[in-house]
Structure formats: C-alpha cells, structure tokens
Amino acid sequence: MRRAIAVTTLLPALPLLSVALATPASAAPPSPPTTATAKKELARLKVRREGTLSGYSRAKFPQWIDQGHGCNTREVVLKRDGAHVRVGSDCYPVKGRWYSPYDGKYLTDPHKVDIEHLVALAEAWRSGARSWSTAKRRAFANDLKHPELWTADDPVNQQKGGKDPARWLPPRRAFRCTYIRAYVSVKYVWGLSVDSAEKKAISAVLKKC
C-alpha cells in the first residue's frame, strides 16, 4: 500500500480543504504474473465441481476495513488507481479520474466507481471460501497485495456479477489476458479451486496471450 495516503493526517486543522495526491495515471493493482506462470499455476489448481451458494452472503466477507491513516480499503484503492486524485479530511476522494479496464471507460465521479473483486466473492464461496473463517474471508475481501481489487464502471460490474470466466469475460478484449492472469493468480494464492468448464475457458484465453 502506497504511503501517499498518510498525507491527510498532516492537515488536522484544515478539515474543509482537499489534498492533491501525486497519483500517476498508470496506477494500478499489483501486476499479475506472466502468462507462463499463470499456466503453471492453473495446472496446480484443484479441479472440483463448483459448490452451491447455500449459506452465502456478502456480509460473510467483511469489506472495506480500516487500512490505517483513517482510510478504508475502498478509499485506498480509489487513491491507488486514480489519476489526479484529491481527498477530503475523511480520506474519501472528492475529485479524480478512474479507468475501468473491463470496458475502457473513464469515470470522474468517485461515487460511481465500483471497487470490483476480480474473483467475485460469490465465486470464492463456491470454490472454497465457504469453509474459511470469517477472518480469512475478511482478508480476501480486502486483499491489496494481489491483483484482486480493481476499479470498474458499475454497469459492467453488475453484468459480471458472481460469474467465473466460463460464463463471463471482459467486453474489452485487450484486457482479457491481464484479467485471466490475475484471476488465476488470485485463485492460486488463496487456494481456491476451479471447475472443469472454468479451467477450459481460462486455458482458451491463455493460449492467445
């Protein structure tokens, strides 16, 4: 997590002012592994029949926890991935520009930017997270160390929902290789399984990368 978020703590006497952050336009989540590494990791993932959503709720994946300096996970990602971001004394961005790599759109209203779980919470539940502790699900839902959290335009995020790559891929084809490499990386790091159709769809994309 970049230390730029600490800047808001330097201005306790100026609660009405916003602070410009030197966030580069190329800011992005942690880079996913190479295609070669993704193929190796995919081969190591357990292939299992996908579980059901029985017992699932988003509340079982506590989101947007405190990340220090008065900022929660959502605010950290908005600052990390935005360009020319300005934040108020509460750490929430009041101005900036965000890119939705799924569909290639730019967004300027932080309230309309979704922070997207690349491996959806529902998909994680179906592929292993159901048996996790709440603490582990909290860590997954707020994972800043791996390419799990991305900025996205709400309509395309809603379109994706809890689908895996066998049922949904980003409409922007230029992003599909990055998306799949990140998807495999997250599943591998967290020990989540894939079903046979999902693995087939992932392999098909990786062959073109």
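**Helix packing and nonpolar cores: worked exercises**

The axes of helix H6 (residues 176-190) and helix H7 (residues 196-206) come within 9 Å and cross at roughly 135 degrees, where axes are lines fitted to C-alpha atoms, for helices over the stretch in contact, and angles run from 0 to 180 degrees between N-to-C directions. Helices are DSSP runs of H or I with at least four residues, strands runs of E with at least two, both numbered from the N terminus. This is a predicted model, in which local features need pLDDT of at least 70, side-chain atom pairs count only at pLDDT 80 or more, and totals for chains, interfaces and linings use all residues. Residues are numbered from 1 along each chain as its sequence is written, and side-chain values use heavy atoms, without hydrogens and water.

**Exercise 1.** Identify the residues through which H6 and H7 make their contact (heavy atoms within 4.5 Å).

*Solution.* On H6, take Arg176, Cys177, Ile180, Arg181, Tyr183, Val184 and Lys187; on H7, take Glu198, Ile202, Val205 and Leu206.

**Exercise 2.** Describe the largest nonpolar core, a set of buried (under 20% relative accessible area, 1.4 Å probe, protein chains only) Ala, Val, Leu, Ile, Met, Phe, Trp, Tyr and Cys residues joined through side-chain atoms within 4.5 Å.

*Solution.* Begin with the members: of 31 residues, Phe61, Tyr102, Leu118, Val119, Phe140, Tyr179 and Ile202 touch the most other members. Next, find the contributing elements, among them helix H1 (35-44), strand S6 (149-153), H6 and H7, each of which supplies at least two residues. H6 gives the most, with seven residues. Finally, set apart a second, separate core of 14 residues, which includes Cys71, Val76, Val87 and Cys91.

**Exercise 3.** List the contacts of Tyr179, leaving aside its neighbours within four places in sequence.

*Solution.* Tyr179 is in contact with Tyr102, Leu118, Lys160, Trp168, Leu169 and Pro170.

How values were computed
Buried < 20%, exposed > 50% of the residue type's maximum accessible area, 1.4 Å probe, protein only.
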